[in-house]
Amino acid sequence: MYQILIVEDEVRIAETVKEYLERDGHGVRHVTTVADALKLIDAETDLVVLDLMLPDGQGERICERVVSLFNTPVIMLTSKRNEDSRITGFACGADDYLTKPFSPRELVMRVRSVLKRARPRDRIIRLDYDIVIHIDRRTVTKQGRVVRLTPNELAIFLCLVDNWKTAVSRDKLVEYINAPDILDRTVDVHIRHLRQKLEEDPKNPQVIKTVHGYGYILGVKRHA
């Protein structure tokens, strides 16, 4: 069963679309605003059916975010019929485009088609504190926002994640740093930077904990 999010402020349209998609075997959620959509969309969302004209903003904003963060397919709905609107929609990353009024049966068929040819999804690892590692894209997000890690920071973090529940020595972490003249304290510098980027309180770290006299250990639960 695919998980589909409808972002549509016209309740009658949304209820009809939801009914047809559920009949087709999908799990369906519905929101009416850009703000609610941005809170709800995550890596488990398989497809977004997206109205472009929403009360608190333009649907293109949602499309750009969901495509850039999760590579999720998007079908746009709009009352705009001009060519420029369609071009803008596709430029934001949309996979298909339907103008209102439309046939719910046609939308279901388009959903099937888009899901069938959907872009490969990221392999992901989920951690507590809403930290998500996108393995294929080599990026990290926290609460939906991209955390900018250097290649060495990411390599160290992945080592700790791969060795979840096990302390990793400084000597071992040194092997993951690509730089000349590495010292143990170089690892400590990278860990400090990681904490500044990932921890709620870097002075009281919960994500990366110190094992005194040895190294570090991942302090949060790995969910995948």
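A pocket, as the word is used here, is an open set of grid points with protein on both sides within 12 Å along at least five of seven lines. With that in hand, let's walk through this predicted model, starting at its largest pocket.

The largest pocket holds about 220 Å³ of space. Its lining is made up of 16 residues, and those nearest the centre are Lys39, Ile41, Asp42, Phe70 and Gly144. Two elements give two or more residues to this lining, namely α2 (34–40) and α3 (59–70). Of the elements, α3 supplies the largest share, with four residues. If you are thinking about the chemistry of the lining, the split by class is eight nonpolar, five charged and three polar residues.

Phe70, one of the residues nearest the pocket centre, is a handy stepping stone to our next stop, His134. The two are 64 residues apart in sequence, while their C-alpha atoms are 8.6 Å apart in space. His134 sits in strand β9, which covers residues 131–134. Is His134 buried or exposed? His134 counts as buried because its relative accessibility is 1%, and the cut-off for buried is under 20%.

Now let's turn to strand β7, which spans residues 96–99 and includes Asp96. Asp96 has a relative accessibility of 13%, so this residue also counts as buried. Which side chain does the side chain of Asp96 meet in a polar contact? The partner is Arg110, and the contact is 2.8 Å. Leaving aside residues up to four places away in sequence, Asp96 touches Val74, Ile75, Met76, Phe90, Arg110 and Val114. Arg110 therefore appears both in that list of neighbours and as the polar partner of the Asp96 side chain, with contact here meaning heavy atoms within 4.5 Å.

Our last stop is the cysteines. How many disulfides does a search of the whole structure find? The search finds zero. Cys63 is in no disulfide, and the cysteine sulfur nearest to its own, that of Cys92, is 5.4 Å away. Seen from the other side, Cys92 is likewise in no disulfide, and its nearest cysteine sulfur is that of Cys63, at 5.4 Å. Why does this pair not count? A disulfide needs the two sulfur atoms within 2.5 Å, and these two are 5.4 Å apart. Both cysteines are buried: Cys63 has a relative accessible area of 0%, and Cys92 has one of 11%.

Methods:
Residues are numbered from 1 along each chain as its sequence is written. This is a predicted model: local features need pLDDT of at least 70, side-chain atom pairs count only at pLDDT 80 or more; totals for chains, interfaces and linings use all residues. Side-chain values use heavy atoms; hydrogens and water are left out. Buried means under 20% relative accessible area, exposed over 50%, partly exposed in between (1.4 Å probe, protein chains only). A polar contact is a pair of N or O atoms within 3.5 Å; within protein, one must be able to donate a hydrogen and the other to accept it, and residues adjacent in sequence count only if both atoms are side-chain atoms. On a 1 Å grid over the protein atoms alone, a cavity is a set of points where a 1.4 Å probe fits but cannot get out, and a pocket is an open set with protein on both sides within 12 Å along at least five of seven lines; lining residues have an atom within 4 Å of a point. Grid points are joined across faces, edges and corners, and a volume is the space filled by probe spheres set on the points. Ala, Val, Leu, Ile, Met, Phe, Trp, Tyr, Cys and Pro count as nonpolar, Asp, Glu, Lys and Arg as charged, and the others, Gly among them, as polar.
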